[in-house]
Amino acid sequence: MKILVLLVVILLSCNGCASKKELIDSNKTDPPVLLELCSDKKIIPSSSSQIEVKMINKGEQDIVTGEAYSIEIFLNDKWTEVPVSISYEDIAYTIEADEEKIFICMLESISEEGLYRIKKPYSIDTEKASSLTEYAYAEFQISANKEEGK
């Protein structure tokens with residue numbers, strides 16, 4: 001009988017933990033790091049050679065990022081990396097909490113119309129050890145029109 005009571009208590013306490021975790025997860029807010037286009041126009045003409053993005057740290061901890069980025073296109077209901085030859089300096093930037101930094105991303109080898117995104121890696125700045133690499137994204141459309149879009 002004692003074992004049965006103990007088992008019931010353990011099961012009830014585990015269920016309470018799961019419910020509390022779901023409640024915490026459902027209250028998630030915006031991601032702590034955002035990547036936004038500096039232009040208010042989301043449609044970029046295919047003749048554009050670069051795009052400016054702004055990395056915004058809305059988190060409570062400093063983040064570290066560099067010049068590195070990749071470009072992806074949305075094809076067949078999934079994001080696929082575009083093979084481009086991008087060269088950049090291997091520099092680490094610290095973006096403090098509530099700060100932002102602007103980066104220039106080259107588009108010279110991209111001319112095909114479609115939905116694209118910049119994928120920029122970052123990690124949380126920790127003194128003890130490096131954290132896992134996370135990514136921030138900024139979407140934009142490439143248009144064959146010579147005039148800039150809306």
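## Salt bridges, to start with

A salt bridge here is a side-chain nitrogen of Lys or Arg sitting within 4 Å of a carboxyl oxygen of Asp or Glu. Glu72 and Arg117 make one of these, and their closest N and O atoms are 2.5 Å apart. Glu72 lies in strand E5 and Arg117 in strand E9, so this pair ties together parts of the chain that are 45 residues apart in sequence. Keep in mind that what you're looking at is a predicted model.

## The chain at a glance

Let's step back for a moment. The chain has one helix and 10 strands. Follow the sequence along and the pattern goes α-β-β-β-β-β-β-β-β-β-β, with the helix ahead of the strands.

Of the 150 residues in the chain, 29% are buried. The chain exposes about 10,600 Å², and carbon and sulfur atoms supply 52% of that. How far apart in sequence are the residues that touch? Taking contacts between residues at least 6 apart, 72% join residues at least 24 apart.

## A network around Glu72

Back to the charged residues. The structure holds three salt bridges, and Glu72 turns up again in another of them: its side chain also meets that of Lys119, at 3.8 Å from N to O. Glu72 is in strand E5 and Lys119 in strand E9, so this pair ties together parts that are 47 residues apart in sequence. Put the pieces together and you get a network of salt bridges linking Glu72, Arg117 and Lys119.

Are these residues buried or exposed? Glu72 has a relative accessible area of 6%, so it counts as buried, since the cut-off is under 20%. Arg117 is at 12% relative accessibility, and that makes Arg117 buried too. Lys119 is buried as well, just like Glu72.

## The other salt bridge

Glu100 and Lys54 also pair up through their side chains, at 3.9 Å from N to O. Glu100 belongs to strand E8 and Lys54 to strand E3, so the pair ties together parts that are 46 residues apart in sequence.

This time the partners are partly exposed. Glu100 has a relative accessible area of 47%, which puts Glu100 in the partly exposed class. Lys54 is partly exposed too, with a relative accessible area of 21%. The line between buried and partly exposed is drawn at 20%, which is why Lys54 doesn't count as buried.

## The nonpolar core

Now for the greasy part. In soluble globular proteins, nonpolar side chains tend to be buried together. The largest nonpolar core in this model has 26 residues. Which of them touch the most other members? They are Ile51, Val53, Met55, Ile71, Tyr116, Ile118 and Phe140. The elements that give two or more residues to this core are strands E1 (33–37), E3 (50–57), E5 (70–75), E7 (93–95), E8 (100–106), E9 (114–124) and E10 (134–143).

Ile51 is a good one to zoom in on. Setting aside neighbours within four places in sequence, what is Ile51 in contact with? The list runs Leu37, Ile44, Phe103, Ile104, Cys105, Leu107, Ile118 and Phe140. Two names there, Ile118 and Phe140, also appear among the core residues that touch the most other members.

## A look at Leu75

One last stop is Leu75, which is found in strand E5. Leu75 has 38% relative accessibility, so it counts as partly exposed. In sequence, Leu75 and Gly114 are 39 residues apart, while in space the two are 8.4 Å apart, C-alpha to C-alpha.

Conventions: Residues numbered from 1 in each chain as written. Predicted model: local features only at pLDDT ≥ 70, side-chain atom pairs only at ≥ 80, totals over all residues. Heavy atoms only, no water. Core = buried A, V, L, I, M, F, W, Y, C linked by side-chain atoms within 4.5 Å. Buried < 20%, exposed > 50% of the residue type's maximum accessible area, 1.4 Å probe, protein only. Helix = DSSP H or I, 4+ residues; strand = E, 2+ residues; numbered from the N terminus. Contact = heavy atoms within 4.5 Å. Areas by Shrake-Rupley, 256 points an atom, 1.4 Å probe, with all protein chains shown as cover.
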